[in-house]
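Here are my comments on the model, set out as numbered points. Please read them with the sequence and the structure open beside you.

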Amino acid sequence: MNTTNDINTGRKKSRIPAKLDYFQSASGLILGLFMWGHMLMVSSILISKDFMYAVTKFFEGSFLFEGGAPILVSGLALFIFIVFIGHAMLGMRKLPANYKQYKIIKETSNNLNHEDTKLWFIQAFTGFSMFFLGSIHIFIIMTNADNIGPYASADRIWSDWMWPLFILLLLAVEFHGTIGLYRLCVKWGWFDGENPKENRKKLKKIKKILTWFFLILGFTTLFAYMKIGYEHADKAGERYVPSAAVYQIDKVEVA
């Protein structure tokens, strides 16, 4: 217990590491759930351009402000960016400080042949990658919140050559997120029940299903934006006009 005295030093153990672990877990949970929600929102393009446009305007608060207020999206992106950086800094505490420490951990992992330890290595690698890839993406959204939509997003991915970054980011996010949420469940024993060993096997199956689901959804969505961007390349920069608005314009012109 953190409140007991250390036998060797006679001093109370610090509660700081435990608190930092708690904040790391909480921030990871927030980011993991956000990324799943974010993936579902951007995949709205698979239904239709109009639906994706409507989802975008909803998050801009179009039900409160006429035409929407992109600053709301910027505010959300800023909040996620702060949580993201904080989570990354907390996670760095547990990374090897040098090659010697990495070698010891790697050799121990190989000797034990422990699957969860291997998952930790994947999470550490993807987390390190996300620190750079994710920061770029969030910063762009934070500073260009008024440039989101069926054509604007597709142009950014295709014409602005962001698709290579999104491929790497998608792989890193989905592996890091599902592994992270699985490890959170194991760490805090949320679903241990009366048979922790059996339930953890079920959690691993759920983790694999979620990983494949979001990877397939993510790449299908990315390819949809790339296709739209490719077809719209000659008019890159042109904003999308929803079908209802086009219909109203045509109706007025005919009248």
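1. I begin with Phe58, which lies in helix H2. The model is a predicted one, and in it Phe58 is partly exposed, with a relative accessible area of 48%; because the partly exposed class runs between 20% and 50%, the residue falls inside that class.

2. Phe58 belongs to a nonpolar patch on the surface, formed together with Phe59, Phe63, Leu64, Phe65, Ile71 and Leu72, and the accessible area of these residues together is about 750 Å². Helix H2, which covers residues 49–59, and helix H3, which covers residues 71–91, each supply at least two residues of this patch.

3. For the overall architecture, the secondary structure of the chain comes to nine helices and zero strands, so that, in order from the N terminus, the elements read α-α-α-α-α-α-α-α-α. Of the contacts in the chain with a separation of 6 or more, 74% are between residues 24 or more positions apart. Buried residues account for 36% of the 255 residues, while the accessible surface of the chain comes to about 16200 Å², with 66% of that surface belonging to carbon and sulfur atoms.

4. His137 deserves a separate look, and its place is in helix H5, residues 115–143. The residue is buried, because its relative accessible area of 16% is under the 20% cut-off. Not counting residues up to four places away in sequence, His137 touches His38, Phe166 and Leu169. Between His137 and Phe81 there are 9.9 Å in space, C-alpha to C-alpha, although the two are 56 residues apart in sequence.

5. Is Thr221, which is found in helix H8 (residues 196–231), buried or exposed? Thr221 counts as buried, at 3% relative accessibility. Leaving aside neighbours within four places in sequence, Thr221 is in contact with Val42, Ser43, Ile45 and Leu46.

6. Trp161 is a residue whose backbone I would ask you to look at, since it lies in the loop between H6 and H7 and its phi is near 55 degrees, a positive value in a residue other than glycine. Trp161 counts as exposed, because its relative accessibility of 59% is over the 50% cut-off.

7. Helix H7 takes in residues 163–188, and its length can be checked by simple arithmetic: at 1.5 Å a residue, its 26 residues should span 38 Å, and the end C-alpha atoms are 37 Å apart, which agrees. Just after H7 comes Gly189, which takes a positive phi of about 60 degrees.

8. My last point concerns confidence, where the chain averages a pLDDT of 86 and 89% of the residues score at least 70. Within the chain, confidence is highest in helix H6 (residues 150–158), at a mean of 96, and lowest in helix H9 (residues 243–254), at a mean of 52. Over residues 247–255 the pLDDT is below 50, and this stretch has zero contacts in the model beyond near neighbours in sequence. Where pLDDT is low, the predicted coordinates should not be read in detail.

Definitions and conventions: Residues are numbered from 1 along each chain as its sequence is written. This is a predicted model: local features need pLDDT of at least 70, side-chain atom pairs count only at pLDDT 80 or more; totals for chains, interfaces and linings use all residues. Side-chain values use heavy atoms; hydrogens and water are left out. Patches are made of residues with over 30% relative accessible area and no salt bridge: like charges are joined within 9 Å, nonpolar side chains (Val, Leu, Ile, Met, Phe, Trp, Tyr) within 5 Å. Accessible areas come from the Shrake-Rupley method with a 1.4 Å probe; for residues, only the protein chains shown count as cover. A salt bridge is a side-chain nitrogen of Lys or Arg within 4 Å of a carboxyl oxygen of Asp or Glu. Helices (H or I, at least four residues) and strands (E, at least two) are DSSP runs, numbered from the N terminus. Buried means under 20% relative accessible area, exposed over 50%, partly exposed in between (1.4 Å probe, protein chains only). Contact means heavy atoms within 4.5 Å. pLDDT is the predictor's confidence in each residue, from 0 to 100. The expected span of a helix is 1.5 Å times one less than its number of residues.
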